[in-house]
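Me: Could you take a close look at one part of this structure for me? I'd like to hear about the salt bridges and who pairs with whom.

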Amino acid sequence: MDKKWLPLTITLGVAGVAVVAASFWPDDVEKSPLPQSLCHGALSRETAKLIDDGQGGGEVSAGAWESKGGTTDSAVLKECHVLRAGQDDAKRRGLYKLVVEETRSTPGTEKDSVPLGSGFTGWALPDRAEVTLPTGCAARMGSAAPHITASLEVPSQDEERLYRRGEEPPVDPDTATRSNATVMREVATRLAERYDCADTG
């Protein structure tokens, strides 16, 4: 693999991953006095709560990982899992995963997806969504790739999984899609502001 990709080849390990010392994401975003942010500032806690798995519960939190490894040119810069506390505010369960990564392919759309709206390049479905950050963000984030995308996965709304189990979606698909779109618009906006790469044209 080309050496220029080595600093960017970061993927999530299953357990005991080795944390990369140099991060493309600001180191202090999750620390006090910024308790209202998640995923290194990509999400506010209020917006993060919009995605639900129908089980209720308490406060949301997040765990983010970086680790060395990977053999492809599409390198994960950061993977963040958003969690929600149970009714007793103790045991936490995963709600969804947000991945920010570089890509060389032109952003596309998914069948039956809903566009994110004016000013955003991306789409949303009940169980998935994607947004491409503005032009210029890749370079500002230390990548030589032409694009940086943020993708969302919501397992509780996975249509195929629900069908196999004979279960109904925990949240109405239209509501879930709107929530996913809102989350992705905020991710794109906050990351573009943080890296000073918002489109100005």
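Reply: Here's a walk through the salt bridges, with a short stop at the core afterwards. Keep in mind that this is a predicted model.

The count comes to seven salt bridges. Start with lysine 49, whose side chain meets that of glutamate 46 at 3.7 Å, N to O. Lysine 49 counts as partly exposed at 31% relative accessibility, while glutamate 46 is exposed at 54%. There's a third partner in the neighbourhood: Glu46, Lys49 and Glu59 are linked in a network of salt bridges.

Next up is lysine 97, which forms a salt bridge with glutamate 153, with 3.6 Å between the closest N and O atoms. This one links distant parts of the chain, since lysine 97 sits in strand 5 and glutamate 153 in strand 9, 56 residues apart. Glutamate 153 is partly exposed, with a relative accessible area of 40%.

Then there's glutamate 110 with arginine 128, at 3.3 Å, N to O. Glutamate 110 lies in the loop between strand 5 and strand 6 (114–115) and arginine 128 is in strand 8, so the pair ties together parts 18 residues apart in sequence. Both ends are partly exposed: glutamate 110 at 33% and arginine 128 at 30%.

Now for that core. Strands 5, 8 and 9 are among the elements giving two or more residues to the largest nonpolar core, which has 34 residues. Helix 4 supplies the largest share, seven residues. Leu98 is one of the residues with the most contacts inside the core, and leucine 98 has contacts including Leu43, Ala150, Met184 and Val187.

Methods
Residues are numbered from 1 along each chain as its sequence is written. This is a predicted model: local features need pLDDT of at least 70, side-chain atom pairs count only at pLDDT 80 or more; totals for chains, interfaces and linings use all residues. Side-chain values use heavy atoms; hydrogens and water are left out. A nonpolar core is a set of buried Ala, Val, Leu, Ile, Met, Phe, Trp, Tyr and Cys residues joined through side-chain atoms within 4.5 Å. Buried means under 20% relative accessible area, exposed over 50%, partly exposed in between (1.4 Å probe, protein chains only). Helices (H or I, at least four residues) and strands (E, at least two) are DSSP runs, numbered from the N terminus. Contact means heavy atoms within 4.5 Å. A salt bridge is a side-chain nitrogen of Lys or Arg within 4 Å of a carboxyl oxygen of Asp or Glu. Lists of a residue's contacts leave out its neighbours within four places in sequence.
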